[in-house]
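Work through the exercises below with the model open beside you. Each task is followed by a stepwise solution.

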Amino acid sequence: MQVAAQHASTVKEYKKAFTTYPFSDPNPIPLLNHVYPYFRYDGFTDKAVQKEWKVVELENDYIKVMILPEIGGKIWAAIEKSTGQPFFYYNHAIKFRDVAMRGPWTSGGLEANYGIIGHTPNCATPVDYVTRTNADGSVSCIIGVLDLLTRSNWRMEINLPKDKAYFSTKSFWYNSTPLEQPYYHWMNGGIKAAGNLEFIYLGTKYIGHGGEYADWPVNKANGKKINFYEENNFGGYKSYHVFGKYTDFFGAYWHDDDFGMARYGTHDDKAGKKIWIWGLSRQGMIWDKLLTDTDGQYVEVQSGRLFNQNAENSTFTPFKHRSFSPYATDVWTEYWYPVLHTKGFVEANEYGALNLKHENGWLKIYFSPVQTINDTLQVKDGDNLIYNKVVQLSPLKVFVDSIKISANENKLVATLGGTKLVYESAPEANVLSRPVDTPKDFDWNSAYGLFLQGKELMDQKMFPAAEEKLKKSLEKDHNYLPALVKMAELLFRNMRYTEALELAKRALSIDTHAGDANYYYGLVNAQLGNVVDAKDGFDIAALSPEYRSAAYTALAKVYLKEKNADKALMYAIRAVDYNRFNIDALQMQAVIFRQLNNKEKENEVLSTILGYDPLNHFASFEKYLLQPTSDNKANFVNSIRNELPQETFAELAVWYYNVGCIEEAKQVFTLSPASAEASYWLAYLTGKKVDAGNINPNLAFPFRSETAAVLEDLLKNQNDWLLKYHLALIYKDRNRIDECKKLLAACGREPSFAPFYVVRAGVIKDADAAQSLADLQKAASLDAHWRYQKLLAEYYIARQEYEKALAVTSAYYKADPNQYIMGMLYAKTLLLNKQYAAADDILTKLNVIPFEGATEGRELYREAKLMQAVQLIKEKKYKQALIFVNKAKEFPENLGVGKPYDADIDVRLEDWLTYLCLTNTGKKNDATALLQKITSFEPKVDNTVRNFMPSNAIITAWAYEKLGEKEKGLQWLNDQLKAFPENKLIQWSKDIAEGKASSLTSAEKDAGVRVIEAL
């Protein structure tokens, strides 16, 4: 046996230059949606620069891990040292593209995502981090940041042991708010696509984002083994959430390289297992060069806390969203490692990866260990022991053996060390019985069904829509207890405390001991200053285990604000008794011990906190308060190095304020980088007026309810527009639209800040179109940036004032023809003004850097070609028309869209125009064949990707009519409406077929409708 590595792991930091395609152009206009208060970056480039990035490198004798803390803390590369091969996709170019909710994202490596959906808001920007050498010889890099969408904090320890060939990722994620928050987490690992790649995912089905499902690993429709990358050469993008077997691992194997990767984590920690593929047609392969220079196409392997990355429609399936309980903490660990020379594998865990292969009567056994092993490896055929061997293994020294057998390959059981690793070959082994369908007769319009929809929307941070559903639930049954409590929670979130209290009291009048009702009753009363009722609510809520730790935390805060240290400490300790990871309760313990001048006890608590969360900034600040030296002050300030440090300072300062520690709150705000929020709070806490003239409003997006109360108070004594504007932003975020409008209106024309006018234009656009236009014009006059011109042009387009829109876009395009976003809008306005050839000419010159799923450039191109074809048909120039029709079928890649497979392109409109040309040139047989082709087209949705253009439904109906089967065409339209009942374009097609007037607004018409109407 080879001696295991004795060298300690190492950690080092250095700068490394990468070919980089940077992002830029932060959007100063608030995103008035569920992504608020974050802003987007809209500037992307195809011009590379050499840029140095900070690298944290962990290394032992087996693997090397490179982490980029300035790019979301992404594990940029993980390399198996004996072969030099990366077991995650190692992108040698940092090529930011518009893929994430805030814009920039990069491919490759291993990315941690926490929050509400998709790539985490910090996936491309700096996060906080710290490195550590551990007593056991391992090394760690801990990354993390405050997520503004949920006010939760996530941390991830990337640990590399000294004597193992894996690295682990340990997540520590806590909700530091008194409310439920949306809950989403997926690890996203990029791996290379080339090399005869097999996805080793055990399951019987895959789930889509909408909760739909299909068979795994063989596609029933075409017989392809979709667990092999190259067998996915059909359809569009693929999202496979593999499901149906109880398993703790997944992995991938490149058979051409005889090399793989594995990920292990217990099923209770990570039940979700996903594969993402761009698609093998040019539609997906165009992203190869968009995201890298030299490293080829990649795919993604992902692990999640839930079974699927559930989109909104998943609500109506068993695969619903989840919420993060108040003050709750989640902790889990995963292991990631290379697999060497095993020809694939069938089982993997923290000990290594096992493969059993049957070849010509031989059973071949492969095991790629990732730690030192001295144990027994056995294989049984049913009850018969057919292989038994003591194995002494060291990391990545592959064990290979074979035996001659005639056993049933579907009845084998292989074990290592009895139970350390167990593999059963039976196809039915570990199959789950979990349902995948919701009852067909479930009533979504019942009080419970509407409540469920409201709760689901809240779990996605879609609060205005949630409020509508909860209102409807209470209209069905105004005493429906779950909806009463959930609406009380939502109204509390929206700072409508009096209304929230009425609903909480109604809930308690139905069930006085209901844990959730008592908890929110306590929260609302605490906010309103009704201290006795607050204590009463929290006391009774603590009877319910679900709310016990949160209720004790809330009680500790009440008593701490009352300066009752004994009771505050008692409840803070109780809160930790029921959740040892309750960071808020631990922080209160530390504060109380400091106030009691018990430094020893405080240091014990701070050590506990830092043991859980090494990036805890409260602990760092408290150490400064205990010893106010310049070094401790610098340690605190310099530890906050994420993209938005002012938000981390504000969150900590507000925490102190919420527990009655006013002086500490002032100190934190004083140390904060300059920000609007820090200025407001310091003025409020010191009883002074705000010097609004010295506040930079750019990229300042307050969102905290505590800050709203501060602004409300400040506005009692001063009348600055900036305070009104920022309070209006919070009101808009909390769905208090009328109050938002009043504040914005009160600002008049005083602001000289363009984003203000855009916000007001957006908020009032439905109520006062004239004022909305005036505001957009004002914004454009204050700032010549493209965004304001775009918004002004879009205003005119929405009101069908196409000439005015063209004047705006034309002027901007001539000044800056390289701005492709405005270039596309210019082409669109040319089309709307029926200048089809001019639009066509512009589109040939554009070089579009697309966002994920972008199709707009190609849609404009298609419309330009087809409209010219229609003009030529009307002029009876059929041969020339056919040239444009055929050109319309192309996918020019300068417009940022690759061509899908032919089977997935809906060309019914093109075929109809061709039919008209052929009919008019006497080619009746060819024309009839086209009608038959049109009617044979089958609209469908595969893996969330639609293969059809809904407006083409009328083309099918017309084709049936020309074939003498008009009634069949109408029936076909009815069937389509049943299949896609919400689709307005299919309804439009049916209306047209039945001779009814169009019910579509101009905004609802797509290119197909416009071309068809032009006929």
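**Exercise 1. Determine how far strand β23 is enclosed, and which way its residues point.**

Step 1. Fix the ground rules. This is a predicted model, in which local features need pLDDT of at least 70, side-chain atom pairs count only at pLDDT 80 or more, and totals for chains, interfaces and linings use all residues. Residues are numbered from 1 along each chain as its sequence is written, and side-chain values use heavy atoms, without hydrogens and water.

Step 2. Locate the strand. β23 covers residues 259-264. Strands (E, at least two residues) and helices (H or I, at least four) are DSSP runs, numbered from the N terminus.

Step 3. Check burial. Buried means under 20% relative accessible area, exposed over 50%, and partly exposed in between, with a 1.4 Å probe and protein chains only. Six of the six residues of β23 are buried, so the strand is largely enclosed by the rest of the structure.

Step 4. Sort the residues by direction. In a regular strand the side chains alternate between the two faces of the sheet. From β23, Phe259, Met261 and Arg263 point one way. Gly260, Ala262 and Tyr264 point the other way. All are buried.

**Exercise 2. Identify the pairing partners of β23 and place the strand in its sheet.**

Step 1. Apply the pairing rule: two strands pair if DSSP finds at least two bridges between them.

Step 2. Take one partner. β22 (residues 249-254) pairs with β23 in the antiparallel sense over six bridges. Gly251 stands opposite Ala262. The two strands form a hairpin with four residues between them. In the turn, Asp258 has a positive phi of about 50 degrees.

Step 3. Take the other partner. Six bridges join β23 to β27 (residues 329-340), and these strands run antiparallel. Here Ala262 stands opposite Tyr337.

Step 4. Widen the view. The open sheet has eight strands in the order β12-β13-β14-β15-β27-β23-β22-β18, with antiparallel pairing. Its edge strands are β12 (128-133) and β18, each pairing on one side only. Neighbouring strands are turned by 15 degrees against each other on average, direction ignored. The axes behind such angles are lines fitted to C-alpha atoms, for helices over the stretch in contact, and angles run from 0 to 180 degrees between N-to-C directions.

Step 5. Add one further pair. β14 (residues 152-160) and β15 (residues 167-175) are antiparallel over eight bridges. Trp154 has Trp173 in β15 as its bridge partner.

**Exercise 3. Describe the four-stranded open sheet.**

Step 1. Read the order: β32-β31-β34-β35, paired antiparallel.

Step 2. Find the edges. They are β32 (384-393) and β35 (421-424), and each pairs on one side only. The twist averages 10 degrees from one strand to the next.

Step 3. Inspect a pair. Five bridges join β31 (residues 373-381) to β34 (residues 412-416). Gln378 stands opposite Thr415 in β34.

**Exercise 4. Which residues of helix α25 are buried, and how are they arranged around its axis?**

Step 1. List them. In α25 (residues 836-845), Tyr836, Ala839, Asp840, Ile842 and Leu843 are buried.

Step 2. Look down the axis. The buried residues fall within an arc of 165 degrees, so they line one face of the helix. The arc is that of the directions from the helix axis to the C-beta atoms.

Step 3. Turn to the other side. There Thr844 and Lys845 are exposed.

**Exercise 5. Find backbone exceptions.**

Step 1. Recall the background: most residues other than glycine have a negative phi, and most peptide bonds are trans.

Step 2. Note the cis bonds. One joins Tyr36 and Pro37, with omega about 20 degrees. Pro37 lies in the loop between β2 (24-26) and β3 (41-43). Another cis bond joins Trp216 and Pro217, with omega about 5 degrees. Pro217 sits in the loop between β20 (213-215) and β21 (238-243).

Step 3. Note the positive phi values. Asn196 has a phi near 55 degrees. Asn196 is partly exposed, with a relative accessible area of 28%. Lys834 has a positive phi of about 65 degrees. Its loop runs between α24 (820-832) and α25. At 61% relative accessibility, Lys834 counts as exposed.
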